[in-house]
Amino acid sequence: MSAVGVAYKYAVNSFSSPFFISRLRPRPFLPSFLLPFLSYPRRNFSSTTTLAAMPNTAHPKNKSGSGKKKEVKKETGLGLSFKKDDNFGEWYSEVVVNAEMIEYYDISGCYILRPWTMAIWEVMQEFFDAEIKKMKVKNCYFPLFVSPGVLQKEKDHIEGFAPEVAWVTKSGQSDLEVPIAIRPTSETVMYPYYSKWIRGHRDLPLRLNQWCNVVRWEFSNPTPFIRSREFLWQEGHTAFATQAEADAEVLEILELYRQIYEEFLAVPVIKGKKSELEKFAGGYYTTSVEAFIPNTGRGIQGATSHCLGQNFAEMFEITFENEKGEKAMVWQNSWAYSTRTIGVMVMTHGDDKGLVLPPKVAATQIIVVPVPFKDADTKAIFDACTSTVKILSEAGLRVETDLRDNYSPGWKYSHWEMKGVPLRIEIGPKDMANNQVRAVRRDSLAKKDIPMSNLVDQVKELLDAIQHSLYDRAKEKRDACICVVRTWEEFVEALSQKKLIFAPWCDEEEVEKEVKARTKGDMGAAKTLCTPFDQPEMEEGTICFASGKPAKKWTYWGRSY
């Protein structure tokens, strides 16, 4: 059977805001014919992190009176070439590769998600899937392909996605009679069948969700997790008899997204409503959770929950007979979060040693490392590590041990710090003699000796402390970037300082367009991020910072990804 050739025809992306996360360099040892297509980072072996690998003592800071000399410090070769504060884009690119989260693929903008990433995605998926099932949402799966007629049925919707749509135009060497689109989202894929399945009020609500991939042929600086041409997500599509039911679900789902970010990923977010200019194309209104990256001074849309109103119902003739025997149109919602969540987490918590993972989502919450002396009973130490793993695993914790004998303890410390494991447990001869282990936190590098008799309880307490500390630190940094302004001059100054700007606004679309036009530059234009649900009191006489007209609401502004 002949292979099927797929060609993509696409339009240039219309985004004007640059991403400022630079592309990576090819590794020099790749075959020459691949170099034009691949952009891999070089692992830097000249700029290394110096760590102590001291087999003559269980812990570097402990001094034994044995008179044995400590081994000379060795360079591990695992350090990052770039610092987070100096070159954020290159730092991010190095971290996601060196921490074994992604690998670059030979099609630009596509990435291999490695097991370290998929484990994080599966933790979030398990939580969210269970929660929406409590809401009587059922999982399904619709095809990847969309016919042109269906895709173009909702004019505003397709205009919003047209620059990103990829098209299949060939089968083998033959041109297809009718090109087939690859879904950028699934409203137009699913709703013709909602029209078929919904007949009367007893068919409502219809609440479906699918876990799938979508393709958006981005050309504006594709970036791992943040903006890629193919990504994983869940998308929920629901239909109700009344607006009140739809409105209630929008907020219920948005709260689940807040929990994913704040309670699992330890990333603070703001819940709010998008402006008319920024809402979902073809929707009635859009709500979102918005994060902020202090290092770049950019907001980032974390997840969205849309009320589609009756617009799609009208286009696709999704009607039902109500209890009075009257024909009515349904109210619809759509909502989604994607693997972008993982990129936001990396940007928020990572440091100059690499990835920093919140314990709730880490594939491995604890790594146990043996630290033998030169003449120590290595087998006994290895057995103690294995026993510790067994105890913690039986307590429901995700734990591994690194018993590789061709790497020093110092190398292992650096390796697991790069991968962001929240807690390291070290076991050496002195620990065994004292019936204890030494625990080292990834977030703060603080050390604590824990007696084996209280191992499980104290380890769980440490993991909880790390989870909360990561959130508190991230929130403190985010809040320090919030700047309240009331005039255009203050707005421009805050924008130049990479602030998350909170300003009174008249809520007029033309004014928002004017702000975008006036701030457009090499760094990208400013726009509304969201109007938070938690609104401060609007004092009488407050005017819009941009137009001077009476202000109607307080809104977050800034540059964004």
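Tutor: Quick ground rule before we start: a helix here is a DSSP run of H or I with at least four residues, numbered from the N terminus. Also, this model is predicted.

Student: Okay, so which helix gives the largest share of the lining of the second largest pocket?

Tutor: That's α12, with five residues. Two or more residues also come from β13 (285-293) and α8 (340-349).

Student: What makes a residue count as lining, and which ones are closest to the centre of that pocket?

Tutor: A lining residue has an atom within 4 Å of a pocket point. There are 21 of them, and Lys84, Thr348, His349, Gly350 and Lys477 are the closest to the centre. The pocket's volume is about 370 Å³.

Student: How does the lining split by class?

Tutor: Nine residues are nonpolar, four polar and eight charged. Gly counts as polar in this scheme, so Gly350 goes with the polar class.

Student: Now α9. How do you know what span to expect of it?

Tutor: Take 1.5 Å times one less than the number of residues. Helix α9 (residues 378-394) has 17 residues, giving an expected 24 Å, and its first-to-last C-alpha reach is 24 Å, so the two are close.

Student: Why are Ile381, Ala384, Cys385, Thr388, Val389 and Leu392 called buried?

Tutor: Buried means under 20% relative accessible area, so each of these falls below that cut-off. They span an arc of only 140 degrees around the axis, which puts them on the same side of α9.

Student: And what makes Lys379, Lys390 and Glu394 exposed?

Tutor: Exposed takes over 50%, so these three lie above that. They sit on the face of α9 turned away from its buried side.

Definitions and conventions. Residues numbered from 1 in each chain as written. Predicted model: local features only at pLDDT ≥ 70, side-chain atom pairs only at ≥ 80, totals over all residues. Heavy atoms only, no water. Buried < 20%, exposed > 50% of the residue type's maximum accessible area, 1.4 Å probe, protein only. Arc of directions from axis to C-beta. 1 Å grid on protein atoms, 1.4 Å probe; cavity = no way out; pocket = protein on both sides within 12 Å on 5 of 7 lines; lining within 4 Å. Points joined across faces, edges and corners; volume = space filled by probe spheres on them.
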